[in-house]
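Trainee: Could you walk me through this structure and explain the terms as we go?
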Amino acid sequence: MNANHPPSNPDPDPRRTAGLTRGGGVPPGETPPAEAGTGTGTGPHRPLKRGWAGGPLALIVALALIVALFFLAYGIVLAL
């Protein structure tokens, strides 16, 4: 294999990798620091919106009132 190209196997060879003990373990103090970019606080801050917007909520209430008035009028007409 050419020394300029890394092996196709992504797993390190424990015989040639520094910092590994027998069996492939890592001794204390050899672990790399955690990445700072993987937390939940990354990215731009967007405040959460609570509840429904006024327009869609008013439309749903108006539609429910129209349907209720239709059935009320239908019941009155049938009772006559």
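Mentor: Gladly; we will talk about the helix, the exposure and the aromatic rings.
Mentor: This is a predicted model, where local features need pLDDT of at least 70, side-chain atom pairs count only at pLDDT 80 or more, and totals for chains, interfaces and linings use all residues. Residues are numbered from 1 along each chain as its sequence is written, and side-chain values use heavy atoms, leaving out hydrogens and water.

Trainee: How many helices and strands are there in the protein chain?
Mentor: The protein chain has one helix and zero strands; helices (H or I) are DSSP runs of at least four residues, strands (E) of at least two.

Trainee: What makes the Phe70 and Phe71 pair edge-to-face?
Mentor: Rings of Phe, Tyr and Trp (its six-membered ring) pair if their centres lie within 6.5 Å; planes under 30 degrees apart are stacked, over 60 edge-to-face, the rest tilted. The centres of Phe70 and Phe71 are 5.3 Å apart and the planes meet at 70°, so this pair is edge-to-face.

Trainee: And why is the pair of Phe70 and Tyr74 called stacked?
Mentor: Their centres are 6.3 Å apart with 15° between the planes, so the pair meets the stacked cut-off. Phe70 and Tyr74 are four residues apart in helix 1 (residues 54-79), and therefore separated by about one helical turn.

Trainee: How do you know whether Phe70 and Tyr74 are exposed or partly exposed?
Mentor: Buried means under 20% relative accessible area, exposed over 50%, partly exposed in between (1.4 Å probe, protein chains only). Phe70 has 51%, so Phe70 is exposed; Tyr74 has 47%, so Tyr74 is partly exposed.
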